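Work through these exercises with the structure open beside you. Try each task before you read its solution.

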Amino acid sequence: MQRGRRQEKTGGTRQLSHSQNFITDKKLIRRIVSIGGIEKNDTVVEIGTGKGHLTETLCERGGFVYSVEIDPALYESAKKKLFQYANVKLICGDFLKYTLPERGAYKIFANIPYFITTKIIEKLTNAKTRLRISG
């Protein structure tokens with residue numbers, strides 16, 4: 001969806017300002033996480049928890065997951081979906097304002113809106129700690 005467009009919703013309108021598309025196919029999600037080389041000792045920072053579909057698989061395969069979601073409604077929904085995982089910390093806020101880990105290696109997973117991609121890449125490449133590259 002384009003920034004600033006509105007989508008009709010029962011009982012009113014909802015702003016679609018985040019160009020969101022969610023991956024929900026479990027087989028595809030498992031394949032993506034597998035290709036990403038996530039292992040039990042990995043720390044993962046996920047940009048955009050969304051509905052928690054990818055986060056759930058990251059929790060099952062990874063060591064610890066920090067997942068940042070800017071949309072309060074999606075954050076609340078994901079919190080309900082992921083309550084049983086002790087190895088996840090959900091953060092409701094803007095990833096661009098989130099303080100990245102300063103120690104230890106971590107991997108990034110994201111399904112981010114196109115309009116903010118450049119800012120996110122700049123933040124990650126300027127981080128004090130270097131990302132671990134998989135593959």
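**Exercise 1.** Find the partner with which Lys26 forms a salt bridge, and say which parts of the chain the pair ties together.

*Solution.*
Step 1. Keep in mind that this is a predicted model. Look for the closest N and O atoms: Lys26 pairs with Glu56, and these atoms are 3.7 Å apart.
Step 2. Apply the cut-off. A salt bridge needs a side-chain nitrogen of Lys or Arg within 4 Å of a carboxyl oxygen of Asp or Glu. The pair Lys26 and Glu56 qualifies.
Step 3. Place the two residues. Lys26 sits in helix α1 (residues 26–35) and Glu56 in helix α2, so the salt bridge ties together parts that are 30 residues apart in sequence.
Step 4. Check accessibility. Buried means under 20% and exposed means over 50%. Lys26 has 51% relative accessibility, so Lys26 counts as exposed. Glu56 has 13%, so Glu56 counts as buried.

**Exercise 2.** Lys81 also takes part in a salt bridge; work out which residues are linked in a network.

*Solution.*
Step 1. Find the partner of Lys81. The side chain of Lys81 meets that of Glu56, at 3.6 Å from N to O.
Step 2. Place the pair. Lys81 belongs to helix α3 (residues 72–81) and Glu56 to helix α2, so this salt bridge ties together parts 25 residues apart in sequence.
Step 3. Classify Lys81. Its relative accessible area is 27%, so Lys81 is partly exposed.
Step 4. Join the results. Lys26, Glu56 and Lys81 are linked in a network of salt bridges.

**Exercise 3.** Decide whether Asp42 and Lys107, which form a salt bridge, are buried or exposed.

*Solution.*
Step 1. Start with the distance. The closest N and O atoms of Asp42 and Lys107 are 3.0 Å apart.
Step 2. Place the residues. Asp42 lies in the loop between α1 and β3, and Lys107 in strand β6 (residues 107–110), so the pair ties together parts 65 residues apart in sequence.
Step 3. Read the accessibilities. Asp42 has a relative accessible area of 0%, so Asp42 is buried. Lys107 has 8% and also counts as buried.
Step 4. Set the pair in context. The structure holds four salt bridges, and Asp42–Lys107 is one of them.

**Exercise 4.** Lys123 has no salt bridge; find what its side chain lies beside.

*Solution.*
Step 1. Locate Lys123. The residue is found in helix α4 (residues 117–125).
Step 2. Look for an opposite charge. Lys123 is buried, and the nearest side chain of opposite charge, Asp94, is 7.7 Å away. The cut-off for a salt bridge is 4 Å.
Step 3. Look at the backbone instead. The backbone oxygen of Leu96 lies 3.2 Å from a polar atom of the Lys123 side chain.
Step 4. List the neighbours. Leaving out residues up to four places away in sequence, Lys123 touches Phe95, Leu96, Lys97, Tyr98 and Leu100.

**Exercise 5.** Describe the surroundings of Thr49 and Thr55.

*Solution.*
Step 1. Place both residues. Thr49 lies in the loop between β3 and α2. Thr55 lies in helix α2.
Step 2. Classify them. Thr49 is buried, at 4% relative accessible area. Thr55 is buried too, at 0%.
Step 3. Collect contacts beyond four places in sequence. Those of Thr49 include Thr55, Ser67 and Leu82. Those of Thr55 include Thr49, Ser67 and Val88.
Step 4. Compare sequence and space. Thr49 and Glu69 are 20 residues apart in sequence, with their C-alpha atoms 5.1 Å apart.

**Exercise 6.** Find the largest pocket and name the elements that supply at least two residues of its lining.

*Solution.*
Step 1. Give its volume. The largest pocket has about 470 Å³.
Step 2. Find its centre. Of the 30 residues that line the pocket, the closest to the centre are Ile47, Gly48, Glu69, Asn111 and Pro113.
Step 3. Name the elements. β3 (43–47), α2 (53–61) and β4 (64–69) each supply at least two lining residues.

**Exercise 7.** Write down the order of the elements along the chain.

*Solution.*
Step 1. Count them. The chain has four helices and six strands.
Step 2. Read from the N terminus: β-β-α-β-α-β-α-β-β-α.
Step 3. Inspect the ends of α1. At its start, a side-chain oxygen of Asp25 reaches to within 3.2 Å of the backbone nitrogen of Lys27. Just after α1, Gly37 takes a positive phi of about 70°.

Definitions and conventions:
Residues numbered from 1 in each chain as written. Predicted model: local features only at pLDDT ≥ 70, side-chain atom pairs only at ≥ 80, totals over all residues. Heavy atoms only, no water. Buried < 20%, exposed > 50% of the residue type's maximum accessible area, 1.4 Å probe, protein only. Lys, Arg positive; Asp, Glu negative; His and termini not counted. Polar contact = N/O pair within 3.5 Å; in protein donor to acceptor, adjacent residues only side chain to side chain. Contact = heavy atoms within 4.5 Å. 1 Å grid on protein atoms, 1.4 Å probe; cavity = no way out; pocket = protein on both sides within 12 Å on 5 of 7 lines; lining within 4 Å. Points joined across faces, edges and corners; volume = space filled by probe spheres on them.
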